[in-house]
Amino acid sequence: MTGPRVIPDCVIPLQDAHAQTQSTRQLLSDVFPSWNIDRIDIMSLKGGITNCLLKCIYKAGTPQEIVVLVRAYGRGTGSIIDRNREFCTHVHLHSYGLAPPLHARFKNGLVYGFIAGRSVDYHELSNPILMKGISRMLAQWHTVLDASAIKALMLEQSGLKSHEFVDDIWQLCQKWINNLPTDNNVQVKTKTVLAKELVWVKNEIQYKGGPTVVAHCDLLSGNVIVPEDWSSEIFSVPPVTFIDYEYALPTPRAFDLANHFMEWQGFDCKVSLIPKVGGPVMREWGKQYLEGTHLFKRGSSEKQQNGISVSDADIDQLMQEIRTWWGMPGFYWGIWATIQAVISTIEFDYTNYAQNRLSEYWSWKQNYLSTKKPNWESNL
């Protein structure tokens, strides 16, 4: 297979389990013609709150099983996620060995390779050894990936002009706000307030987040994969892989970093787990990240990293970028959850989640306006 197959007429049902299994087997037989559909086992994986994810195991009659994943997009998510960008980003990542192979694209999803291992729990994100693995992998993303190459592939794949698709976080937030419901007065007011806030926050922080990078934008614990047997006793730096690229987008690096730290709280919104901005834990994480960016810019091997020096001033600058963008993840995911509360069929309290995330933004803004040089001794 020279590239991912495109099967535009195939649809995987989201809720009818029997029809889902039958459709998935038929899809896999089209993608892998040598497979006998009677030897395909399918199981549903949990963890996300947007899509349907199926683990498909082909028992080929040899000791080596073949495992692939089939992901069917959640209802209405096309109004939130640019599926063409996701596809092209995945292809680009795979060219650098940073994503599994992409086997096929069908009408409402993808077929791609399975990465052996397990996703981490949000309580593990503060583990010093795991922190090093995550910071280094994110540094690699931010250093080697090429936003212009992804954009060129998008233009080739879609036939659209460059101005016809979202190309940065501000355009994306504007699109999401445009898609907010207006069925009652409360919804109309919410949409008006958020539109006004987008203008304000863009004017305040747009150029204060460091270099623009290809950002993951959804680096929660469930999207970090480590070996099943991972432990700090076995690995000095665990092999880490990031999965789920549907929100990947060019953004200032500060957004990706601030968003990851906010994800330390998990979907339970345990804010006490979020590291203090500029505190020793975040500074150590930032040091590892900056060492990684120097490492990958030089094309050095891990053995040569001892020659890399990161100054306190470098770390201070990174912390200031994160401080300035600290409220943006709450704003971003608050808008997202407000839309999901209307369109999603998945059992999750999006309304409460939206309120929790937007409250992070309002708290940040209150502090920001009160000082213009916020006191970050405690997180808001």
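## A loop residue to start with

Cysteine 269 lies in the loop between α7 and α8. Its backbone has a positive phi of about 55°, although cysteine 269 is not a glycine. With a relative accessibility of 17%, cysteine 269 counts as buried, because buried means under 20%. Please keep in mind as you read on that this is a predicted model.

A second residue invites a look beside it. Aspartate 244 sits in the loop between β10 (241–242) and β11 (249–252). Aspartate 244 is not a glycine, yet it has a positive phi of about 65°. Its relative accessible area is 23%, so aspartate 244 is classed as partly exposed.

## The helices on either side of the loop

Let us turn to the two helices that flank cysteine 269. Helix α7 covers residues 253–262 and helix α8 covers residues 280–298. They pack at an angle of about 135°, and their axes are 13 Å apart. Angles over 145 degrees would count as roughly antiparallel and those from 65 to 115 as roughly perpendicular, so α7 and α8 are oblique to each other. Their crossing is right-handed.

If you would like to pick out the contact in the viewer, select Arg253, Leu257, His260 and Phe261 on the α7 side. On the α8 side, they meet Met282, Trp285, Tyr289 and Leu290. The residues of this contact divide into six nonpolar, one polar and one charged.

## Histidine 142 and its surroundings

Histidine 142 is a handy link from α7 and α8 to another helix. This residue belongs to helix α3, which spans residues 128–144. Histidine 142 has a relative accessible area of 9%, so it is buried.

What is histidine 142 in contact with, leaving aside its neighbours within four places in sequence? The list is Val213, Val214, Ala215, Arg253, Asp256, Leu257 and Tyr289. Among these contacts of histidine 142 are Arg253, Leu257 and Tyr289, which also take part in the meeting of α7 with α8.

## A six-stranded sheet

Now for the strands. Six of them form an open sheet in the order β1-β5-β6-β4-β3-β2, and the pairing is mixed. The edge strands are β1 (5–7) and β2 (40–45), each of which pairs on one side only. From one strand to the next, the twist averages 20°. Strands of a sheet pair through backbone hydrogen bonds, either parallel or antiparallel.

## Following the pairs from the β2 edge

Starting at the β2 edge, β2 and β3 run antiparallel and are joined by six bridges. Isoleucine 40 has tyrosine 58 of β3 as its bridge partner. Tyrosine 58 in turn is bridged to isoleucine 66 in β4, so you can trace a path from isoleucine 40 through tyrosine 58 to isoleucine 66.

β3 and β4 pair in the antiparallel sense over seven bridges. Strand β3 spans residues 52–58, and six of its seven residues are buried, so this strand is largely enclosed by the rest of the structure. Further along, strand β4 (residues 66–72) pairs with strand β6 (residues 109–113), again in the antiparallel sense, over five bridges. One bridge to look for there joins leucine 69 to tyrosine 112 in β6.

Technical notes
Residues are numbered from 1 along each chain as its sequence is written. This is a predicted model: local features need pLDDT of at least 70, side-chain atom pairs count only at pLDDT 80 or more; totals for chains, interfaces and linings use all residues. Side-chain values use heavy atoms; hydrogens and water are left out. Two strands pair if DSSP finds at least two bridges between them. Helices (H or I, at least four residues) and strands (E, at least two) are DSSP runs, numbered from the N terminus. Axes are lines fitted to C-alpha atoms, for helices over the stretch in contact, and angles run from 0 to 180 degrees between N-to-C directions. Buried means under 20% relative accessible area, exposed over 50%, partly exposed in between (1.4 Å probe, protein chains only). Contact means heavy atoms within 4.5 Å. Angles under 35 degrees count as roughly parallel, over 145 as roughly antiparallel, 65 to 115 as roughly perpendicular and the rest as oblique. A crossing is left-handed if the near helix is turned anticlockwise from the far one by less than a right angle, and right-handed if clockwise. Ala, Val, Leu, Ile, Met, Phe, Trp, Tyr, Cys and Pro count as nonpolar, Asp, Glu, Lys and Arg as charged, and the others, Gly among them, as polar.
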